Amino acid sequence: MIVKIDGSYGEGGGQILRTSIALSALLGKPVEIINIRAKRTNPGLQPQHLTGVSAAALLTDADIEGAAKGSTRLYFKPKTLKCGTFNIDIGTAGSISLVIQTLAPILLYAPCPTKLVITGGTDVAWAPPIDYMRYVFVKALSLFGAKIAIELVRRGHYPRGGGRVIVYVEPIKKLRAVHSVEFGRLVKISGISHAVNLPTHVAERQAKAAKETLAKLGYVAEVEVETRSDGLGPGSGIVLWAESDIGNVVGGDALGERGKPAEEVGREAAERLAAVLKTGVSLDPHMADMAVVYMALAEGRSKMSTSEATLHLQTNMYIVEQFLPVKFKLEKTGARYIIEVDGIGYSR
């Protein structure tokens, strides 16, 4: 039976495609997606979306129709789930993080460990920076029992890309449910401020502004300054993350832009992190919409919290419900939104 998804639903962006392809590949259910990215100024499939689709097809020997740039319809029929070592080249500055987002749920249930070498953009607009994936995404998923490691080899910024990342995924039998509504006691705030093919002071100023902004709010942060000349660059950015005594982690980030002062970049990331910490939630808004896939697959009832009920989150819950026999509850309690679902305990 084919699962039919309308890509114009809710936020109408690429997240619908990524989640649909991930669950189709994992569950072995054919999917037809229409109106792909209908609410974007450049609708249809773009190179980074095609890379995710092609990689998922490679991992599952899938039959695909409509996999072309600008296509607004895609048919994907997976067959056998494979594992091993794969090289994936996005070919542009398309987001490596978004490709990881597509493939991670699939590879957690693969028959053997998998190594992905992905080339593309590591720090680009409208996508989680690679440091967010390394230090927030990976740690948040470890609460479910997932074993994923991400190694940064070289950074890649818009428009030239050229970044390289190695992803290692250990297969699991089942994900465990996570019941964590409270963030817990703050243990530490860490961060990485980077600059590629730019003066060292750019990364230093980003870090200084972030630390000063957090200090005014009563937080102490340790921010590593990283300068590189091995990327195609130029580019800069900063990712901050906070860890609690019960293993929760939330993040805040900002990307450098031409004409944007480094101080503004640092302040922006710090303010985003502080806003999440103030609510005491277990998931920041970016991780919340990614987490719902794992909550639904896990064994037992998961209950987590976030600071915003974003359209991305609500859309992703809806898409997961089209593939799995689950029903999410999203309720506002004070400054928090509680996400709850009875997972199916999926196993390979």
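Two strands are taken as paired if DSSP finds at least two bridges between them. In this predicted model, strand 5 and strand 6 (residues 114-120) satisfy that criterion, being joined by five bridges and running parallel. Within this pair, Asp89 has Thr119 of strand 6 as its bridge partner.

Both strands belong to an open sheet of four strands, in which the order is 5-6-8-7 and the pairing is mixed. The edges are occupied by strand 5 (85-89) and strand 7 (147-154); each has a single partner strand, and therefore one side of each is left without a neighbour in the sheet. From one strand to the next, the twist averages 15°.

Two helices were examined in relation to this sheet. Helix 3 (residues 96-107) packs on the sheet and touches strand 5, strand 6, strand 7 and strand 8 (163-170). The direction of helix 3 makes about 165° with that of strand 6. Helix 4 (residues 130-142) lies across strand 7 and strand 8, and runs at about 170° to strand 7.

Helix 3 also packs with helix 2 (residues 47-60), at an angle of about 20° and with the two axes 9 Å apart. Because angles under 35 degrees count as roughly parallel, helix 2 is described as roughly parallel to helix 3. The crossing of helix 2 past helix 3 is right-handed. On the helix 2 side, the contact is formed by Gln48, Thr51, Gly52, Ala55, Ala56 and Leu59, which meet Leu98, Val99, Thr102, Leu103, Ile106 and Leu107 of helix 3. Classified by residue type, this contact comprises eight nonpolar and four polar residues, with no charged residues.

Conventions: Residues numbered from 1 in each chain as written. Predicted model: local features only at pLDDT ≥ 70, side-chain atom pairs only at ≥ 80, totals over all residues. Heavy atoms only, no water. Axes fitted to C-alpha atoms, helices over the stretch in contact; angles between N-to-C directions. Contact = heavy atoms within 4.5 Å. Parallel < 35°, antiparallel > 145°, perpendicular 65-115°, else oblique. Left-handed = near helix turned anticlockwise from the far one by under 90°. Nonpolar A, V, L, I, M, F, W, Y, C, P; charged D, E, K, R; others polar.
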